[in-house]
Amino acid sequence: MKNKMENGYDKLIHCYECVKKQVDFTPKIALVLGSGLGDYADGIQVEAELQYSDIEGFPVSTVAGHEGKYIFGYVKEVPVVCMKGRVHYYEGYDISDVVLPIRLMKLMGAEVLFLTNASGGINPSFRAGDFMLIKDQIANFVPSPLIGANIEELGVRFPDMSDIYDRELQNVIKKTAALLDIPLQEGVYIQLTGPNYESPAEVRMCRTLGADAVGMSTACEAIAANHMGMKICGISCISNMGCGISATPLSHAEVQATADRVAPLFKKLVTEVIQNIAERKGD
Ligand code: HPA
C-alpha cells in the first residue's frame, strides 16, 4: 500500500516551499508549452524564471532539446506561469511525478490550466499543421495519476470527469480562433505512453475508440488538474498525420518542423485566448 508520502503530497509541498523561497509571483493562468511553442516565452514580459533543477525533488526532463523551466510573467496584462518543457511518462518517471509540476502551479495560485501539445492526427479530415480544440480525452492507456492513497488536501477520491475541458473556456477558444480567422478543428485527444510512435493498427484502434488525435502527454495532466478543481482548456497542434494515414515514416524532426512552421499562428492564438480568458465576465 502506498502511503501519503509515497503518493507525493509531502514532496509536492516541499517543492512548493522551494519555489516560494525563490519566486514571489501569483499566476492566474498556468500554461504548458508543447513542442513548437517552446519559444513562446520570448513574447512574455518575464518577471522571473526558475529552472526545474533548482526545485528540490522536481522531475527534470531527459529529452534532448526539452529545456526545463518555469517562466513567470505577463501575457499582455495577465499574470501567467509557463512550463517550458514538461516531463513525459515515457522518460521513466512515476505518473505522480509527471503531474507534480501541474499540481505545483495550482498551489502557486493558478486557477486555469491551458494545455498545449503536438499530436498525430487520426481523424482523416485533419491535415498536418491544423490546430485542434481538445473537447475530451481518453487516458486509459497510461496509469491514472490518482492511483494510490488519495491526497485529500488536493481533491476527492472519485472525481467526476464529465467536463474535464471547461465548456466556457472551449467557447472562448472557438470565438478567439474565429475572430483571428484561424481554422480550428475539434476533437478527442488520446494519450499513449510512447516514446515509440504508433503502428498503423494502433492508429486504427485509436480511431475506433473515438479519438481524433494521439499524443504522449496532456491527458494525465488534465486528470490531476481536474482532481484539484482547476478549469482546464487545451489546444493540440496536429504536427503530422498518424502512422498509416500518412504514407511517409514518422520522425521527431518532421513533428518539430511542422510545429515550428505553424508556431507564429499558434502563439497568436494562445496569446489572444489568454487575454480573453482573463477578461471573461465574472472572473
Ligand atoms: N503520435 C504520438 N505522439 C505524437 C505524434 C504521433 O503521431 N505526433 C506528435 N506527437
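**Exercise 1. Decide whether C15 is buried or exposed in this predicted model.**

Solution.
Step 1. Take the relative accessibility of C15, which is 0%.
Step 2. Recall the cut-off: buried means under 20% relative accessible area.
Step 3. Compare. At 0%, C15 counts as buried.
Step 4. Place the residue. C15 sits in helix α1, residues 9-22.

**Exercise 2. Find which residues C15 touches, leaving out those up to four places away in sequence.**

Solution.
Step 1. Apply the contact rule: heavy atoms within 4.5 Å.
Step 2. List the partners. C15 touches I55, E56, G57, F58, L100 and L104.
Step 3. Look at one of them, L100. In sequence, C15 and L100 are 85 residues apart. In space, their C-alpha atoms are 9.0 Å apart.
Step 4. Turn to the whole chain. Take the contacts with a separation of 6 or more: residues 24 or more positions apart account for 84% of them.

**Exercise 3. Classify the ring pair F131 and F266.**

Solution.
Step 1. Know what to look for. A pair of aromatic rings is described by the distance of the centres and the angle of the planes.
Step 2. Check the distance. Rings pair if their centres lie within 6.5 Å. The centres of F131 and F266 are 4.8 Å apart.
Step 3. Check the angle. Planes under 30 degrees apart count as stacked. Here the planes stand at 20°, so the pair is stacked.
Step 4. Locate both rings. F131 belongs to strand β6 (residues 131-138) and F266 to helix α7 (residues 252-278). They are 135 residues apart, and the pair links distant parts of the chain.
Step 5. Test for burial. F131 has a relative accessible area of 3% and is buried. F266, at 2%, counts as buried too.
Step 6. Widen the view. The structure holds seven aromatic pairs. One aromatic cluster is formed by F25, Y52, F58, Y70, F72 and Y74. F58 also appears among the residues that C15 touches.

**Exercise 4. Describe the backbone and surroundings of K76, D181 and the bond between G194 and P195.**

Solution.
Step 1. Start with K76. Its phi is positive, about 55°, although K76 is not a glycine. K76 lies in the loop between β3 (69-75) and β4 (78-84). Its relative accessible area is 40%, so K76 is partly exposed.
Step 2. Move to D181. D181 is not a glycine either, yet its phi is about 65°, a positive value. Its loop runs between α4 (167-180) and β7. Exposed means over 50% relative accessible area. D181 has 68%, so it is exposed.
Step 3. Finish with the peptide bond. G194 and P195 are joined by a cis bond, with omega about 5°. P195 is in the loop between β7 (185-191) and α5 (200-208).

**Exercise 5. Judge whether the size of the protein chain agrees with a compact globule.**

Solution.
Step 1. Count residues. The chain has 283.
Step 2. Get the expected value. A compact globule of that length would have a radius of gyration near 19 Å.
Step 3. Compare. The chain has 18 Å, which agrees.
Step 4. Add the spans. Along its principal axes, the C-alpha trace covers about 50 × 45 × 35 Å.
Step 5. Add burial and surface. Of the residues, 55% count as buried. The chain exposes about 12100 Å², and carbon and sulfur atoms supply 52% of that.
Step 6. Name the building blocks. The chain has seven helices and nine strands.

**Exercise 6. State how many side chains are positive and how many negative.**

Solution.
Step 1. Count each set. There are 26 positive and 35 negative side chains.
Step 2. Locate the two centres. They lie 4 Å apart.

Conventions: Residues are numbered from 1 along each chain as its sequence is written. This is a predicted model: local features need pLDDT of at least 70, side-chain atom pairs count only at pLDDT 80 or more; totals for chains, interfaces and linings use all residues. Side-chain values use heavy atoms; hydrogens and water are left out. Helices (H or I, at least four residues) and strands (E, at least two) are DSSP runs, numbered from the N terminus. The radius of gyration is taken over C-alpha atoms; the globule rule is 2.2 Å times the number of residues to the power 0.38. Buried means under 20% relative accessible area, exposed over 50%, partly exposed in between (1.4 Å probe, protein chains only). Accessible areas come from the Shrake-Rupley method with a 1.4 Å probe; for residues, only the protein chains shown count as cover. Lys and Arg count as positive and Asp and Glu as negative; His and the chain ends are not counted. The place of a charge is taken as NZ of Lys, CZ of Arg, CG of Asp or CD of Glu. Rings of Phe, Tyr and Trp (its six-membered ring) pair if their centres lie within 6.5 Å; planes under 30 degrees apart count as stacked, over 60 as edge-to-face and the rest as tilted.
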